[in-house]
Amino acid sequence: TCAFAGQKKVLAAYEEAVKCGYSGARAGRLHTPHGVFDTPMFMPVGTQATVKAVSPRELKEMGAQIILSNTYHLYLRPGTELVAEAGGLHRFMDWDGGILTDSGGFQVFSLGPLRKITEEGAAFRSHIDGSTQFLSPEIAIKAQMNLGADIIMAFDECIPYPAEYQYAKLSTERTTRWAERSQKAHTRSGQALFAIVQGGMYQDLRRVSANDLVSLDFPGYGIGGLSVGEPKPVMYEMLEQTVPLLPENKPRYLMGVGTPDCLVEAVRYGIDMFDCVFPTRVARNGTAMTKSGRLVVKNAAYAKDFLPIDENCGCYACQNFSRAYIRHLLKADEIFGLRLTTIHNLYFLLDFTKKMRQAILEDRFLSFREEFLAQYCK
Ligand SMILES: Nc1cc(CSc2ncc[nH]2)c2nc(N)[nH]c(=O)c2c1
Ligand SMILES: [Zn+2]
């Protein structure tokens, strides 16, 4: 924590991590204005100021610590000034845990019909009403200060995959200049601004991006531009190149990841924080996550299966309902069905990261990883 004593604007301090000698895995504690949180951690995604189909009370009950929201979406609707007038995002959505907002860069490129990226920022058309919009580091930071999240992200470009070396190089250099502009625009104390490492799938660009951002001295670092369709071994190789260059006493957040096998590998490289829409998204089409892989509870095979999704799971769905009942609800398009599969999938990932933390603290992470990967079929 003392590492952050000198940081005037930072509250996302990072207690001395408990390191496992044989891997980069570490168990840490993240200090924010809304509490101290355990890592490794999974962060449920609440894109439009709600984690779809579950309430803040249920999120708290299942052990969620920090949730994500999207600047891009809230900027377009209902507007970040409105959220500020409502008392900020925590008040607006009645969530008193931690909140992290993404800066909008990724969503502009992945959602809105993109118009144009220049040194100044990104012009795009709103996916809601087609209106012409523009985001820059200054606008994205102002919007995030309005929302009042505990951790906010620098405005970056998530380089598409695949990308030519030259494009990746120029984009990464611009993202570093945007990070500096984000830093200058960030004037809200009690809020931590994380930079985002880019570099495409090029080892040298990843190292340059990490070193440049570390020298700008941020309280934490996102690793972006991954989980964008690249083969998993390539993602792991980029982690191997990047993570060791990031300060040990600062949190590392692997953006948009992911499935349990990716989480256990990324923790091994020293990642602390994860987010992914996957668990909530696949839940809504009837797929449950288990330690042996995915279970499509909507399948006819489960019509008369009166066991829970996972009899060792402590979630509300598995403690009280059968696969047959949940399948019935999903087939009948009952909203409660989506709620139960979402509750299970979120609980599964939150519990999985808690189990990894315990394994690290007990110095048995690598055997935990071996056992898990042996049982989990991707
Ligand atoms: N894979 C991936 C995912 C996300 C979205 S993380 C998220 N936002 C909201 C929910 N989840 C990314 N976001 C940014 N800003 N940059 C990236 O490179 C990037 C890469
Ligand atoms: Zn469950």
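## A walk through a zinc-binding chain

Let us start at proline 162, which sits in the loop between β11 (151-153) and α7. The peptide bond that joins proline 162 to tyrosine 161 is cis, with omega at about -5 degrees. In names like these, α stands for a helix (a DSSP run of H or I, at least four residues) and β for a strand (a run of E, at least two), each numbered from the N terminus.

Before we go on, please keep in mind that this is a predicted model, in which local features need pLDDT of at least 70 and side-chain atom pairs count only at pLDDT 80 or more, while totals for chains, interfaces and linings use all residues. Residues are numbered from 1 along each chain as its sequence is written, chains are lettered from A and ligands numbered from 1 in the order in which they are written, and side-chain values use heavy atoms, with hydrogens and water left out.

A second cis peptide bond lies between arginine 77 and proline 78, with omega at about 10 degrees. Proline 78 belongs to the loop between α2 (71-76) and α3 (80-85).

Now step back to the whole chain. It has 15 helices and 17 strands. Its radius of gyration, taken over C-alpha atoms, is 20 Å. The globule rule (2.2 Å times the number of residues to the power 0.38) gives 21 Å for 378 residues, so the chain is as compact as a globular protein of that length. The C-alpha atoms fill a box of roughly 60 × 50 × 40 Å along the principal axes. Of the 378 residues, 57% count as buried; buried means under 20% relative accessible area, exposed means over 50%, and partly exposed is in between, using a 1.4 Å probe and protein chains only. Among contacts (heavy atoms within 4.5 Å) with a separation of 6 or more, 66% are between residues 24 or more positions apart.

Next, look at the zinc ion (ligand 2). Which protein atoms are its donors? They are Cys313 (SG), Cys315 (SG), Cys318 (SG) and His344 (ND1), lying 2.1 to 2.3 Å from the ion. Donors here are N, O and S atoms within 2.8 Å of the metal (3.2 Å for Na, K and Ca), and water is not among the atoms, so sites may look incomplete. The angles among the four donor atoms run from 101 to 118 degrees, and the site is tetrahedral; four donors earn that word if all angles lie between 85 and 135 degrees. Along the chain, the donors follow the spacing C-x1-C-x2-C-x25-H. Cysteine 315 in the loop between β17 (293-296) and α12 (316-320) and histidine 344 in helix α14 (residues 335-361) are 29 residues apart, and this pair links distant parts of the chain. Cysteine 315 is buried, with a relative accessible area of 1%, and histidine 344 is buried too, at 0%.

Charged side chains come next. Side chains of opposite charge can pair when their charged atoms come close. A salt bridge here is a side-chain nitrogen of Lys or Arg within 4 Å of a carboxyl oxygen of Asp or Glu, and the whole structure holds 21 of them. One of them joins arginine 181 and glutamate 138, whose closest N and O atoms are 2.8 Å apart. Because arginine 181 lies in helix α7 (residues 165-185) and glutamate 138 in helix α6 (residues 137-147), the pair ties together parts that are 43 residues apart in sequence. Arginine 181 is buried at 18%, whereas glutamate 138 is partly exposed at 32%. Helix α7 also holds glutamate 173 and lysine 169, which are four residues apart and so separated by about one helical turn. Their side chains meet in a salt bridge of 2.8 Å, N to O.

Finally, visit helix α15 (residues 365-375), whose buried residues are Phe365, Phe368, Arg369 and Phe372. They cover an arc of only 100 degrees around the axis, which puts them on the same side of α15; the arc is that of the directions from the helix axis to the C-beta atoms. The buried residues are covered by parts that include α10 (260-269) and α14. The face turned away from the buried side carries the exposed residues Glu371 and Ala374. Arginine 369, buried at 11%, forms a salt bridge with glutamate 370, the closest N and O atoms being 3.0 Å apart. Both residues belong to a network of salt bridges that links Glu265, Arg268, Arg369 and Glu370.

Technical notes:
Four donors count as tetrahedral if all angles lie between 85 and 135 degrees; four count as square planar and six as octahedral if opposite donors are over 155 degrees apart and all others between 65 and 115; anything else is irregular.
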